[in-house]
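Me: I'm new to this one, and I'd like a close look at a single part. Could you take me through the metal site and then follow its surroundings outward?

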Amino acid sequence: MTDPTHTQGDAGLAVPRRILGFERDAAGEWIVRLACGHRRHVRHRPPLSDYPWLADAAAREARIGAAIECGRCGRGELPADVAECRTTDTFDEATLPAGLRRDRTIRAGGC
Ligand SMILES: [Zn+2]
């Protein structure tokens, strides 16, 4: 059965994450800053990467708060500036506490 919160995108298994803002890299390519702490390049190069709204500042602004897939979350990667504070017991699908099933945010300021 397919998990509806995960989609198959151009980066493989991806998880929808909220867009916090946009920035450009040294080459002028657009990067989205995501609520999960990851950054992701976004390019309008159809048909594989279809983001025609990237070229318009108002359209980009309108996307803040919307979801876009994060392949790094899909692969379980931590953002570069995040460190593991502590670990818990190992859980399985039967023993995972309900609190760990909800969306979580990353604590600001570190451990
Ligand atoms: Zn992510």
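Reply: Let's start right at the metal. The zinc ion is held by four side-chain atoms: the SG atoms of Cys 36, Cys 70 and Cys 73, plus ND1 of His 38, at 2.1 to 2.3 Å. Keep in mind as you look around that this is a predicted model.

What shape do the donors make around the zinc ion? The angles between the four donor atoms run from 99 to 119 degrees, so the arrangement is tetrahedral. Along the chain, the donors follow the spacing C-x1-H-x31-C-x2-C. His 38 sits in the loop between β3 (30-34) and β4 (39-42), while Cys 70 belongs to strand β5 (residues 67-70), so this pair ties together parts that are 32 residues apart in sequence. Both His 38 and Cys 70 are buried.

Now stay with His 38 for a moment. With a relative accessibility of just 4%, His 38 counts as buried, because the cut-off for that label is under 20%. So what does His 38 touch, once residues up to four places away in sequence are set aside? The list is Val 32, Arg 33, Cys 70, Arg 72, Cys 73, Glu 77, Leu 78 and Pro 79. Two of the names there, Cys 70 and Cys 73, also coordinate the zinc ion. Glu 77 is worth a second look too: its backbone oxygen lies 2.9 Å from a polar atom of the His 38 side chain.

Glu 77 gives us a path away from the metal. Glu 77 forms a salt bridge with Arg 75, and the closest N and O atoms of that pair are 2.9 Å apart. Side chains of opposite charge can pair when their charged atoms come close. Glu 77 is partly exposed at 34% relative accessibility, and Arg 75 is partly exposed as well, at 47%. You'll find Arg 75 in the segment after α2 (71-74). If you look for Ala 14, you'll see that its C-alpha atom is 7.7 Å from the C-alpha atom of Arg 75, although the two residues are 61 places apart along the chain.

Next, go back to strand β5, which holds Cys 70. Glu 69 lies in this strand as well, and it forms a salt bridge with Arg 40, with the closest N and O atoms 3.9 Å apart. Arg 40 is in strand β4, so the pair ties together parts that are 29 residues apart in sequence. Is each partner buried or exposed, or something in between? Glu 69 is partly exposed, with a relative accessible area of 28%, whereas Arg 40 is buried, at 14%. The side chain of Arg 40 has other partners too: it reaches the backbone oxygen of Glu 69 at 2.7 Å, and it makes a polar contact with the side chain of Tyr 51 at 3.0 Å.

Arg 40 and Tyr 51 also turn up together around Ile 68. Leaving aside neighbours within four places in sequence, Ile 68 is in contact with Val 15, Pro 16, Arg 17, Ile 19, Val 32, Leu 34, Arg 40, Val 42 and Tyr 51. Where does Ile 68 fit in the wider picture? Ile 68 is part of the largest nonpolar core, a set of 15 residues, and is among those with the most contacts inside it, along with Phe 22, Leu 34 and Leu 54. The elements that give two or more residues to this core are β2 (12-24), β3 and β5.

One more stop takes us to Arg 39. The structure holds seven salt bridges, and one of them joins the side chains of Arg 39 and Glu 23, at 2.7 Å from N to O. Arg 39 lies in strand β4 and Glu 23 in strand β2, so this pair ties together parts that are 16 residues apart in sequence. Arg 39 is partly exposed, with a relative accessible area of 41%, and Glu 23 is partly exposed too, at 26%. There is a third member to add here: Glu 23, Arg 33 and Arg 39 are linked in a network of salt bridges. Arg 33 brings you back to where the walk began, since it is one of the residues that His 38 touches.

Key:
Residues are numbered from 1 along each chain as its sequence is written. This is a predicted model: local features need pLDDT of at least 70, side-chain atom pairs count only at pLDDT 80 or more; totals for chains, interfaces and linings use all residues. Side-chain values use heavy atoms; hydrogens and water are left out. Donors are N, O and S atoms within 2.8 Å of the metal (3.2 Å for Na, K and Ca); water is not among the atoms, so sites may look incomplete. Four donors count as tetrahedral if all angles lie between 85 and 135 degrees; four count as square planar and six as octahedral if opposite donors are over 155 degrees apart and all others between 65 and 115; anything else is irregular. Helices (H or I, at least four residues) and strands (E, at least two) are DSSP runs, numbered from the N terminus. Buried means under 20% relative accessible area, exposed over 50%, partly exposed in between (1.4 Å probe, protein chains only). A nonpolar core is a set of buried Ala, Val, Leu, Ile, Met, Phe, Trp, Tyr and Cys residues joined through side-chain atoms within 4.5 Å. Contact means heavy atoms within 4.5 Å. A polar contact is a pair of N or O atoms within 3.5 Å; within protein, one must be able to donate a hydrogen and the other to accept it, and residues adjacent in sequence count only if both atoms are side-chain atoms. A salt bridge is a side-chain nitrogen of Lys or Arg within 4 Å of a carboxyl oxygen of Asp or Glu.
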